[in-house]
Structures are given as C-alpha cells and as structure tokens.
Amino acid sequence: MRIGILNSGGDCPGLNAVIHGAVGAAHTLGWEVVGFRDGFEGLLPPGDYMMLDPSRTIGIMKLGGTILGTTNKGHFVAKVGEGNVSEVPKEIVDRAKTTLKHLEIGALIVVGGDGSLTTGLQLYRMGVPVIGVPKTIDNDIQATAMSFGFDSAVATVVDALDRLHTTAESHKRVIVLEVMGRHAGWIALYGGMAGGADVILLPEIPFNMEHVASAIRQRDARGMHSTLVVVAEGARMESGELLKKEKISSKGEDRLGGIGEYVAKRIEELTNKETRSCTLGHLQRGGSPTALDRILGVRFGAMAVSLIEQGKFGRMVSYQQYQVGDVSIEEAVNQLRTVQPDSEIVRAGRSIGICFGDAPPMN
Ligand code: F6P
C-alpha cells in the first residue's frame, strides 16, 4: 500500500506533527508515504513530491511551518470570498488523478482548513479516496471542537499581552492588540482572556466605540490607568463595517486588517488617553507548536491512517469530547464555527468585568 499526504492553505503550528504521526502509523503497517509539495499543486503531473519515512520525519514535530511547503492559491482553489464555493475544473482534477494513478497512490490525506477541505471533498466526489484532517489557527472548522495550531496561536497572543501589559502600565497607556482569526473570534477570546485583556472585540459581538471608551474611563476613575484591548481582525462595529486591507487577495479572499489602528485612534479621540496599537500578524502562525498542538497533530495523523485502513474515505478526523474520531468532510465544511455571544466563556468574561464593546460597562 502506498498513500499520499499533502497540506494546503496557510501554514499552521503542528502540521509537521501530523506528518510525523501519519508517517509513523503508515510505517508500522508497512505502507509507503508520498508527501506532495506545495499543497494540491504537487499533484499536477509529473507530481512534485518526496518519499517520507520515519528517518525523514524524525525531529520535525518541534518545527513550525511544514516540511512539505504549502500555498493558499493555485489551480485547486475551491472557495472564493466569504463562503462562496467554486468548482475545481474537471480537467485539473483529472490531471491530479493521473499523477495519483501513476504513483499508485491508494489514498490521499488532505490536511487543510475549510477551503482546502472543500477541495478535498470535490476530489473525493470525483473518485479520489480522500481523508481530511482539519487545520486552522482560527479554530473555525465545524465538526471539530479543536484543531491543532490554535493553542500555539493563543500562546503567542498571551505572550504578547504579558509584554504589552508591563509597558502599558508603566506609561498609563491604552494598548490595542490586533490578532488573527478571520471571521471567528476564538483567538481573540482565548488569547484575550488568558492574557488579562480588559476589552475584547470579536466578529461575533458587534461593538460600539462609545461603550469601549466608557469602559476605559471607568477604569481610569477606579485608578486603573492602563488598559489592554484585544481586537480580532474580523471584529465588526455595530454599523457592520469590516476593515479590509485588500478587497480581494490572490486566493480570492478578502485580506483583513487595520481594525487595531482604527480602534486605537478612536480611543485616543474619545478618552484623551495616550493609545498605541500593535498588530501581531504572522507571528501567530510561525514558530514551534505547543505540546498540546504536537500531541493533537500526531493523533490526527495516526487517525487519518487508521481511517484509510478501515476504508472510511470522505471522512475528516475530528476532536470531540477529548477523543479523536471522524465525521464526514461534508459535515465539516461550509459552516464556520464561531463564538456564541451568550456562551459560558463569554459570560465568564463579562462576569469578571471584561468589556466586549456591546454595552456600557457595569457598575
Ligand atoms: O486562516 C489563517 C489566517 O492566518 C487568518 O487568521 C488570517 O486572516 C489569514 O490566514 C492570513 O492569510 P495570509 O497568510 O494569506 O496573509
């Protein structure tokens, strides 16, 4: 048996752990593993790949990025804009199938986010035996409670907030930290709560600058002269406005960003307090994965191989209630997993005095 593995879309801490897990599990079964380079692009004839065995993957778990390389553009993009699905041309899929046939690949593991899993699903429907593995720092894939990469991104946010805290306090300033997450606020919520942010602005809870300013004034009146604000790049004002760096990127999706600077400017205008902004950007994607992301990645890779062994194609590895299992890829794509504004974690945040920008501060 020979299987293929590829990762597609943005890189994510823990990708190498998935590769390590899949290669290890396949090797135990006596299978060969072909790793395709640069996402689905590696499937185009004659195929851009490397043979993977445990001697090649030893020590990669601790590395950020992916030894296979990746891309979020190219011939196989199946998603454009906010959730609009496009079909990968049949001619492109046929070319990929030619490579897989030529290399005698019996199954293909696709590690990717919502867009890449949509491509994986299309390939599956056109006859490729695909197993999906969810990958996203944004933690926004339906049908899995968690994906590897998220914990590492949150750890980076927390580290940044710890650093910003001391400088904000010394200068009695407001500091606004813009974090990633696209249309989901998980990174901002978890990072903000763990890093002791005073204000957290999410895409799921439209905010009003007046409420944010009141919260800062109230803190000042109580002798807390510095404030840390975490704003998700996809956070929306009550007016519904979303700040975009570029309308359409090369992969057909809007590039978000700029909200941190906007919020900082408005805070300074409304409160007269010296305010700075900081955008964490791709620091959240790079670097060594946390222990949790490594173990999740390895388990996902091992489960992907187990699903192949069981012939459960068209399925995606999923993490639910502390167990790694599987769901249909169909169930997982086309629906973002977002923060519920009335969830327990948001209520816990409100109860400890965090302002989410949707209401005046409580007394
Ligand atoms: O989906 C992961 C993510 O890091 C988002 O949080 C962010 O908006 C986007 O990718 C950035 O993409 P790129 O690397 O193409 O700038």
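The exercises below, each with a worked solution, concern a predicted model.

**Exercise 1. The sheet**

Task: Give the strand order of the open sheet of seven strands, and find which strands stand at its edges.

Solution:
- Step 1. The order is S3-S2-S1-S6-S7-S14-S15, and the pairing is mixed.
- Step 2. Strand S3 (49-52) and strand S15 (323-328) each have a single partner strand, so one side of each has no neighbour in the sheet. These two are the edge strands.
- Step 3. On average, neighbouring strands of this sheet are turned by 30° against each other, direction ignored.

**Exercise 2. Strand S1 and its surroundings**

Task: Describe how strand S1 (residues 2-7) is joined to strand S6 (residues 107-112), and state which helix lies across S1.

Solution:
- Step 1. S1 and S6 run parallel and are joined by five bridges.
- Step 2. One residue pair can be named: Leu 6 has Val 110 in S6 as its bridge partner.
- Step 3. Helix H1 (residues 15-28) lies across S1, at about 175° to this strand. H1 also lies across strand S2 (32-36), S3, S6 and strand S7 (130-134).

**Exercise 3. The nonpolar cores**

Task: Identify the residues that touch the most other members of the largest nonpolar core, and say where this core draws its residues from.

Solution:
- Step 1. The core has 83 residues, and Ile 109 and Val 263 touch the most other members.
- Step 2. Helix H5 (residues 150-171) gives the largest share, nine residues.
- Step 3. Domain 1 (2-148 + 289-332) and domain 2 (154-284 + 340-351) each supply at least three residues to this core.
- Step 4. Leaving aside residues up to four places away in sequence, the contacts of Ile 109 include Ile 3, Ile 5, Ala 22, Ile 131 and Ala 304.
- Step 5. A second core of 29 residues is separate; among its members are Val 34, Val 110, Leu 117 and Val 327.

**Exercise 4. Helix H9**

Task: Compare the span of helix H9 (residues 291-309) with the expected one, and list some of its buried residues.

Solution:
- Step 1. H9 has 19 residues and reaches 27 Å from first to last C-alpha, close to the 27 Å expected at 1.5 Å a residue.
- Step 2. Its buried residues include Asp 293, Phe 300, Met 303, Ala 304 and Ile 308.
- Step 3. Just after H9, Gly 311 has a positive phi of about 70°.

**Exercise 5. Cys 355**

Task: Decide whether Cys 355 is buried or exposed, and place it in the model.

Solution:
- Step 1. Cys 355 has a relative accessible area of 8%. Buried means under 20%, so Cys 355 is buried.
- Step 2. Cys 355 is in the segment after helix H11 (344-351).
- Step 3. Not counting residues up to four places away in sequence, Cys 355 touches Asp 198, Val 199, Ile 200, His 211, Val 212 and Ala 215.
- Step 4. Val 229 is 126 residues from Cys 355 in sequence, with 9.2 Å between their C-alpha atoms.

Terms used. Residues numbered from 1 in each chain as written. Predicted model: local features only at pLDDT ≥ 70, side-chain atom pairs only at ≥ 80, totals over all residues. Heavy atoms only, no water. Core = buried A, V, L, I, M, F, W, Y, C linked by side-chain atoms within 4.5 Å. Buried < 20%, exposed > 50% of the residue type's maximum accessible area, 1.4 Å probe, protein only. Helix = DSSP H or I, 4+ residues; strand = E, 2+ residues; numbered from the N terminus. Domains from an automatic or database assignment. Contact = heavy atoms within 4.5 Å. Pairing = 2+ DSSP bridges. Axes fitted to C-alpha atoms, helices over the stretch in contact; angles between N-to-C directions. Expected span 1.5 Å × (residues − 1).
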